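Subject: Structure for your review

Dear colleague,

Please find below the structure that I am handing over to you. I would ask you to look through it first and then to read the notes that follow.

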Amino acid sequence: MKRPGIFTGALVGALVTAPLIAVLYLAWQLAGLPFVPFDVFDWLARRLPGPIVTFGIDAMVSVIRALRLGEISATAKTAEQLLAIGGLFLTGIVAGAALFGLLRRGEKRSGILSGVVLGALLGVPLMLISLGVNLTSAAGPLPSAVWILLVFLAWGTVLGWSYDRLSAVETVPATEGAPGLAVERMDRRAFVVRLGGATAVITVVGAGVGVLIATERERRAALALGEPWSRRNPLPNAGAPVQPAQGTRPELTPVEDHYRIDINTRPPVVREEEWRLRIGGRVDRPTGWTLAEIRSRYEPLHQFITLSCISNPIAGDLISATRWTGVSLQRVLVDVGVQPAATHLRIRSVDDYHEVVALNEILADPRIMLTYAWDGLPLPIEHGFPLRVYIPDRYGMKQPKWIESIEAIDHWEAGYWVRRGWDREARMKTTSVIDVIASNMMIIEPGRDMVVPVGGMAHAGARGISRVEVGVDDGPWQQARLREPLSELTWVTWRFDWPFQPGEHTFTVRCFDRDGTPQVADRSPVRPSGATGLHSEDAMF
Ligand SMILES: Nc1nc2c(c(=O)[nH]1)N[C@H]1C(S)=C(S)[C@@H](COP(=O)(O)O)O[C@H]1N2
Ligand SMILES: [Mo]
């Protein structure tokens with residue numbers, strides 16, 4: 001009789017791996033057990049060489065932009081998660097094919113036994129990887145280890161058992177007109193259909209219930225947080241005379257819309273009760289403060305801040321602004337007594353992210369701060385709860401989230417992305433963007449030409465914006481009006497009322513920072529130092 005081969009193995013592998021993933025997901029949502037595919041993805045992302053990771057991120061951002069798949073950071077996270085799940089699914093298919101291929105060649109080997117061995121071969125390393133990187137498991141290492149092993153052993157057992165069943169299907173001897181092979185095939189098909197039915201039910205129920213639990217938890221968490229500061233207070237520039245053109249981005253990004261970039265498929269969950277900010281190294285008084293201690297020890301410092309990722313393309317959406325609250329690092333350093341030998345601070349995060357800041361920079365800038373709130377509420381988990389750092393004028397890569405320790409050291413070291421080929425300084429590039437050419441908002445003022453409001457933002461890190469200009473087609477640069485910004489650290493909203501002319505036109509924007517330095521017009525890509533180049537938009541009237 002013909003035994004099942006690698007194609008059947010691949011099919012059974014797929015049928016058995018889908019419910020495996022669903023069950024892992026459900027257990028994650030129900031009991032905080034590790035979700036293995038995300039753990040493996042994060043583990044790989046930290047170990048793969050910088051150029052490969054960077055290439056992957058660039059490719060992803062380009063595809064999202066080219067296909068207009070939506071907001072870059074949210075879409076990229078979803079893509080990473082799909083890749084992670086797809087990776088485990090593919091591994092299951094390959095493992096199924098390999099198992100069936102090997103069993104077919106061997107003599108009288110037990111499928112179940114081989115399946116169990118396969119489950120262990122896959123389960124043990126995955127368990128070790130998961131325990132090594134998992135930042136979300138609330139279940140503790142021992143239950144997590146046992147759980148992963150059990151699930152993979154069960155997976156291997158079902159795979160092997162399926163092989164045994166498929167090999168053992170009864171073969172009716174061929175009689176005239178009814179060849180035995182056909183009956184055997186029918187029987188195999190019936191088994192695969194039954195197996196598929198069972199695994200489909202487990203997959204759909206597991207994933208469905210998991211999603212329901214996750215959604216409900218998010219809803220409750222949002223409710224528990226309360227009202228953001230900006231809903232209870234007017235913005236500091238509320239009375240500014242220049243009004244944004246309708247369609248310009250909000251000056252204060254709602255926190256739930258703030259872009260998110262980090263090296264984790266899901267944000268690390270830090271438990272406040274267990275968390276301490278450890279400050280050590282070359283200091284006289286090492287500390288281990290709780291979040292409550294940090295909040296109560298110091299008068300809070302509030303700053304409106306625009307943060308941007310160094311990977312933000314020209315006119316991209318990896319840039320946002322909100323109100324940050326925390327404590328100036330200068331004050332903390334006085335309290336811990338930094339020793340004269342120290343020259344830098346090494347800031348480490350729970351996800352193994354790290355950056356190094358020069359002490360003389362901190363001593364020169366009281367705005368460098370440890371941040372615990374955004375828009376009046378505790379930092380959202382994905383934005384670094386309980387504590388993150390802020391350094392003016394630098395791209396986001398310089399500003400670790402989920403900080404767990406600060407160490408005073410006597411030398412400079414490369415941070416996480418610097419090691420992977422990105423700019424050492426990561427100073428924000430001056431940029432300006434057209435958000436809207438509001439052709440539907442044409443204004444007709446008596447005695448004046450018709451004008452079309454054009455608007456957007458300009459940003460130069462902490463260096464301020466002194467002038468924004470708009471060029472239409474090959475015409476001269478014309479000055480836009482600037483709205484008073486939320487602070488010297490945020491973007492500036494600009495507006496230009498363009499005297500309307502029918503036809504097709506190209507609008508280009510450029511800006512100058514506070515001391516008159518023009519925005520760099522030459523195009524350069526995001527890597528390694530941040531994008532430069534002017535933004536243009538076409539419009540048809
Ligand atoms: N611990 C940690 N901090 C991190 C990162 C990270 O991956 N891990 N990413 C950095 C990068 S590249 C950026 S752009 C900002 C983004 O902050 P946000 O997600 O709150 O917008 O966080 C920075 N801090
Ligand atoms: Mo970034």
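Ligand 1 is surrounded by 21 residues, and the closest of them are Tyr259, Asp351, His383, Arg388 and Lys401. Please bear in mind that this is a predicted model.

Three of these residues deserve your attention for their side chains. In Asp351, a polar side-chain atom lies 2.8 Å from a nitrogen atom of ligand 1. Arg388 places a polar side-chain atom 2.7 Å from an oxygen atom of ligand 1. For Lys401, an N or O atom of the side chain is 2.5 Å from an oxygen atom of the ligand. Taken alone, ligand 1 exposes 530 Å², and the protein buries 99% of that area. Sorted by class, the shell around the ligand holds 11 nonpolar, 5 polar and 5 charged residues.

I turn next to the space in which the ligand is found. Ligand 1 occupies the second largest pocket, which has a volume of about 1,000 Å³. The lining of this pocket is made up of 50 residues, and those nearest its centre are Ala45, Ile57, Glu80, Asp262 and Ile263. The elements that give two or more residues to this lining are the helices H2 (36-47), H3 (50-66), H4 (72-105) and H5 (111-133). Which of the elements gives the most to the lining? It is H4, with 9 residues. By class, the pocket lining comprises 32 nonpolar, 10 polar and 8 charged residues.

Yours sincerely,
A colleague

Note on methods
Residues are numbered from 1 along each chain as its sequence is written. Chains are lettered from A and ligands numbered from 1 in the order in which they are written. This is a predicted model: local features need pLDDT of at least 70, side-chain atom pairs count only at pLDDT 80 or more; totals for chains, interfaces and linings use all residues. Side-chain values use heavy atoms; hydrogens and water are left out. A residue is near a molecule or strand if one of its heavy atoms lies within 4 Å of it. A polar contact is a pair of N or O atoms within 3.5 Å; within protein, one must be able to donate a hydrogen and the other to accept it, and residues adjacent in sequence count only if both atoms are side-chain atoms. Accessible areas come from the Shrake-Rupley method with a 1.4 Å probe; for residues, only the protein chains shown count as cover. On a 1 Å grid over the protein atoms alone, a cavity is a set of points where a 1.4 Å probe fits but cannot get out, and a pocket is an open set with protein on both sides within 12 Å along at least five of seven lines; lining residues have an atom within 4 Å of a point. A molecule sits in a cavity or pocket if more than half of its atoms lie within 2 Å of its grid points. Ala, Val, Leu, Ile, Met, Phe, Trp, Tyr, Cys and Pro count as nonpolar, Asp, Glu, Lys and Arg as charged, and the others, Gly among them, as polar. Grid points are joined across faces, edges and corners, and a volume is the space filled by probe spheres set on the points. Helices (H or I, at least four residues) and strands (E, at least two) are DSSP runs, numbered from the N terminus.
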